[in-house]
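Work through the exercises below with the model open. Each task is followed by a solution in steps.

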Amino acid sequence: MSALPRHPSVTLSADSAAEPFALRVLRLADLPAVMAIERRVYAQPWSDGNFIDSLAAGYLAMAMWHRKDKTTPPQLCAYFLAMKGVDEMHLLNISVQPEFQGQGLAQRLLDALVQQCRDQRCAQLWLEVRQGNERARQVYARYGFSQVGVRRAYYPSHQGQREDAVLMSLPIQEAACLPDIEQEGRPS
Ligand SMILES: CC(C)(COP(=O)(O)OP(=O)(O)OC[C@H]1O[C@@H](n2cnc3c(N)ncnc32)[C@H](O)[C@@H]1OP(=O)(O)O)[C@@H](O)C(=O)NCCC(=O)NCCS
């Protein structure tokens, strides 16, 4: 297997002692926790193999960890994977554990991804989302993504049917990236 991606770890907020969330590179060892979330939030989840192949391919993959208090071990609660093109980034998967949804975690993951786009000189961020996934579409639209097309029958759906994908894009120059995200080890 090829080397795991080397992307900087990210901590959230300068006041990290009080910050219960931390963003880290997603590793193969995180797969059981990722799959537990994946199976809960999607009717058609990615397989273990999809994640293993993505990590082996060196895709950008990061996970959000939550620590309830000092005595509790951190728990993986959200993640994203993205594939870099020549001068663009493609978001492949973004998922938040149900108990942690509605707290702005997707927005924080998108902030970290936008920061990576800036670091890696990507001008555009792309994604596909199921037409019927209103919640995700709303999150992306609020973040600044625009709908730029529809891919007909892109996703498998229930009982052998197919569902359209909405193609959305975000010009990175226009993205509002939160200033309180600190990235450690960024190349100068
Ligand atoms: C889509 C998904 C990633 C969104 O994640 P999320 O962390 O719940 O999203 P956010 O919290 O950033 O934003 C969602 C809502 O919380 C609100 N919010 C943001 N910060 C908040 C905060 N601090 N407190 C409370 N709510 C907050 C947002 O305004 C938004 O409001 P809305 O419910 O009126 O739309 C999540 O629902 C999910 O994992 N779904 C299943 C997998 C999926 O569909 N992934 C996308 C595939 S394309």
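**Exercise 1.** Which residue in β8 is the bridge partner of R130?

Solution. The model is a predicted one, in which local features need pLDDT of at least 70, side-chain atom pairs count only at pLDDT 80 or more, and totals for chains, interfaces and linings use all residues. Residues are numbered from 1 along each chain as its sequence is written.

- Step 1. Helices (H or I, at least four residues) and strands (E, at least two) are DSSP runs, numbered from the N terminus.
- Step 2. Strand β8 covers residues 162-171 and runs antiparallel to β6, to which 7 bridges join it. Two strands count as paired if DSSP finds at least two bridges between them.
- Step 3. The partner of R130 in β8 is A165.

**Exercise 2.** Describe the two faces of β6 and its pairing with β5.

Solution.

- Step 1. In a regular strand the side chains alternate between the two faces of the sheet.
- Step 2. β6 spans residues 124-130; L125, L127 and V129 point to one face and are buried. Q124, W126, E128 and R130 point to the other face and are not buried. A residue is buried if 20 or more other C-beta atoms lie within 10 Å of its own, exposed if 12 or fewer, and partly exposed in between, with C-beta atoms placed from the backbone.
- Step 3. β5 (residues 88-96) pairs with β6 in the parallel sense over 4 bridges. M89 has L125 as its bridge partner in β6.
- Step 4. Between β5 and β6 the chain passes through helix α3 (residues 105-119), and this β-α-β crossover is right-handed. The term applies if, with the strands pointing away from the viewer, the path from the first strand over the helix to the second runs clockwise.

**Exercise 3.** Why does E128 count as partly exposed?

Solution.

- Step 1. E128 lies in strand β6.
- Step 2. E128 counts as partly exposed because it has 18 C-beta neighbours inside 10 Å.
- Step 3. The unreviewed UniProt entry lists E128 and Y140 under "active site". Such annotations may be inferred rather than shown by experiment; feature names are shortened, and positions follow the numbering used here.

**Exercise 4.** Which residues come nearest to the ligand?

Solution.

- Step 1. Of the 17 residues around the ligand, V41, Q101, G104, A106 and Q107 come nearest. A residue is near a molecule if its C-beta atom, placed from the backbone, lies within 6 Å of it.
- Step 2. β5, α3 and α4 (134-143) are the elements that give two or more residues to this shell. The greatest share comes from α4, with 4 residues.

**Exercise 5.** Characterise β7, its pairing with β8 and the loop between them.

Solution.

- Step 1. β7 is hardly covered: among its 11 residues, the count of buried ones is 0.
- Step 2. β7 and β8 run antiparallel and are joined by 7 bridges. V150 stands opposite V166 in β8.
- Step 3. Most residues other than glycine have a negative phi. In the β7-β8 hairpin, with 5 residues between the strands, Q159 takes a positive phi near 50 degrees. Q159 is exposed, with 4 other C-beta atoms within 10 Å.
- Step 4. R121, in the loop between α3 and β6, has a positive phi near 55 degrees and is not a glycine either. R121 is exposed, with 11 other C-beta atoms within 10 Å.
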